[in-house]
Amino acid sequence: MSPVALADISKTSLQRWSTGIAEFDFVLGGGLVPGSLVLIGGEPGIGKSTILLQAAARLEAGGRRTLYASGEESPEQVRLRADRLRENAGPVLVLGETRLESVLDAARSVGAQVLIVDSIQTAYTDSLEGAPGSVGQVRESASHLMRFAKETGIATIVVGHVTKGGNIAGPKTLEHIVDTVLYFEGEPTMDYRLLRATKNRFGSVDELGVFTMTGQGLDPVANPSAVFLGSRAAGTVGSAVTALMEGSRPVLVEVQALAAPSGYGTPQRVAAGIDPKRLAVLLAVLEMRAGERFAQRDVFVQVAGGLKLTEPAADLAVAAALLSSLHNRPTPPDAIYLGELGLGGEVRPIAGLDRRLGEAGRLGFRRVIASDRGAARVAGLTHLGLSAISDLAGTLAA
Ligand code: TYD
Ligand code: MG
């Protein structure tokens, strides 16, 4: 083979196979790419096997031969799960096998276009000594699957379990081997599940798919913002709404804060869904730039729905929720907060404002509280511009 100029390489259009589940396709970047290897990670019980069985049923219905190799559960157990689903998984081929070579032979001989391996921790390959689930076996099996997918053009999906502490003993070491990494997350106490891509050679990362777990499998949620705001009661003290960009999608979330008088000793700062260090910065800015006193307060901040505030655009909403709790005054129920806070207490404009406001307007928000720089213009929304954090308390309702 001799090197060629990029311009002379033909752009064979990238093929995509729909899984039949729109939210799943969306997170994949438009569907399964033939010959790709996708890792789907998540804690046990989150619903990995369920969504893959649903996808398998829909792929089969769409005429794509699909083999579901289950090392985790017996074919009988898979059948029991299939019976619960709304989809007809009847035609899906199932194989109760953990030896990788046998699985791959079977995939070839049945002419599978899609292969699902559930899970990588139960698979083992002959080419290496060691028990299934050991780091060596997991890595070798993944490399083997990657070669297989590339050689055969079979779209391959492999399940990887993540341990409770977020430490991904198996999958973490696999991330650089596979083409695409999806994570399935969710709070065990909540019915909804978040599917997101953290690596994607065939699409953008950080796209978010939202599902609810029902008695008949996972249902896509068409309007995630409505879910995340669903339990929000108007007029609640210590609550503020912001819009996060989850990949290309704006999603509205509620930030909750509680600033309670602390007892003796160092006041507590407890943060869920927000980096504790960012919370410390915001508290310091409120203290120094707005004269708001949190020194004698235990501070608790959380984000409803299990989402994470990774963007500085959420700063203003966190500060508003904190002030609302401190002053015991609610934020206006139709207001959305969007702004980054600088150490000088200045309120900065944020990226993607129009998209976020579009979503807010659609869900009935009428006021946007943001930086006074960069006017927010979305029909039906009134822009309240702040230059400094010291103006924030004035936006709270009486
Ligand atoms: P599962 O897909 O087995 O999780 P994983 O493969 O990630 O370990 O999901 C198991 C949980 O989902 C289990 O608690 C039962 C529940 N479930 C439902 O609530 N409804 C359903 O229709 C199905 C199939 C499972
Ligand atoms: Mg499973």
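This report walks through a predicted model of one protein, from its overall build to a few single residues.

## Overall build

The protein has 398 residues, and 50% of them count as buried. Its secondary structure comes to ten helices and 18 strands. Taken along the principal axes, the C-alpha atoms fill a box of roughly 70 × 55 × 45 Å.

How much of the contact pattern joins residues 24 or more positions apart? Take the contacts in the protein with a separation of 6 or more: such residues account for 68% of them.

## Helix α2 and its partner

Helix α2 covers residues 48–61. Does its length fit its residue count, and what should the 14 residues of α2 span? At 1.5 Å a residue, the expected span is 20 Å. The end C-alpha atoms of α2 are 20 Å apart, so the two values agree.

Is α2 enclosed or open? Twelve of its 14 residues are buried, so the rest of the structure largely encloses this helix. Among the buried residues are Ile51, Leu52 and Leu53, along with Lys48 and Glu60. After α2 comes Gly63, which has a positive phi near 90 degrees.

Now for the neighbour of α2. Two packed helices are described by the angle between their axes and by the distance between those axes. Helix α2 packs with helix α3, residues 75–84, at an angle of about 70 degrees. Their axes lie 10 Å apart. Angles of 65 to 115 degrees count as roughly perpendicular, so α2 is roughly perpendicular to α3. On the α2 side, Ser49, Thr50 and Leu53 make the contact. On the α3 side, Val78, Arg81 and Ala82 do so. Sorted by type, the contact residues are three nonpolar, two polar and one charged. Ser49, Thr50 and Leu53 also belong to the buried residues of α2.

## Salt bridges

Side chains of opposite charge can pair when their charged atoms come close. How many salt bridges does a search of the whole structure find? The search finds 18. The table gives three of them.

| Pair | Closest N to O distance |
|---|---|
| Arg86 and Asp219 | 2.8 Å |
| Lys150 and Asp179 | 2.8 Å |
| Glu246 and Arg196 | 2.7 Å |

Start with Arg86 and Asp219, which form a salt bridge. This pair links distant parts of the chain, 133 residues apart. Arg86 sits in the loop between α3 and β3, while Asp219 is in strand β9. Arg86 has 52% relative accessibility, so it counts as exposed. Asp219 is partly exposed, at 24%.

Next come Lys150 and Asp179, whose side chains meet in a salt bridge. They are 29 residues apart, and they too link distant parts of the chain. Lys150 belongs to helix α5, and Asp179 to the loop between α6 and β6. Which partner is buried? Asp179 is, with a relative accessible area of 2%. Lys150 is partly exposed, at 45%. This pair also belongs to a wider group: Lys150, Asp179 and Arg201 are linked in a network of salt bridges.

The last pair, Glu246 and Arg196, forms a salt bridge that joins two strands. Glu246 lies in strand β10 and Arg196 in strand β7, 50 residues apart. Glu246 has 6% relative accessibility, so it counts as buried. Arg196, at 13%, counts as buried as well.

## Loops and backbone details

Where is Asp191 found? Asp191 is in the loop between β6 and β7. Leaving out residues up to four places away in sequence, Asp191 touches Phe211, Thr212 and Met213. Asp191 and Val253 are 62 residues apart in sequence. In space, their C-alpha atoms are 17 Å apart.

Most residues other than glycine have a negative phi, and most peptide bonds are trans. Two places in this model are worth checking against that.

One is the bond between Asp118 and Ser119. It is a cis peptide bond, with omega about 15 degrees. Ser119 is found in the loop between β4 and α5.

The other is Asn328. This residue is not a glycine, yet Asn328 has a positive phi of about 55 degrees. Its place is in the loop between α9 and β14. Is Asn328 buried or exposed? Its relative accessible area is 56%, so Asn328 is exposed.

Technical notes. Residues are numbered from 1 along each chain as its sequence is written. Chains are lettered from A and ligands numbered from 1 in the order in which they are written. This is a predicted model: local features need pLDDT of at least 70, side-chain atom pairs count only at pLDDT 80 or more; totals for chains, interfaces and linings use all residues. Side-chain values use heavy atoms; hydrogens and water are left out. Axes are lines fitted to C-alpha atoms, for helices over the stretch in contact, and angles run from 0 to 180 degrees between N-to-C directions. Helices (H or I, at least four residues) and strands (E, at least two) are DSSP runs, numbered from the N terminus. Angles under 35 degrees count as roughly parallel, over 145 as roughly antiparallel, 65 to 115 as roughly perpendicular and the rest as oblique. Contact means heavy atoms within 4.5 Å. Ala, Val, Leu, Ile, Met, Phe, Trp, Tyr, Cys and Pro count as nonpolar, Asp, Glu, Lys and Arg as charged, and the others, Gly among them, as polar. A salt bridge is a side-chain nitrogen of Lys or Arg within 4 Å of a carboxyl oxygen of Asp or Glu. Buried means under 20% relative accessible area, exposed over 50%, partly exposed in between (1.4 Å probe, protein chains only). The expected span of a helix is 1.5 Å times one less than its number of residues.
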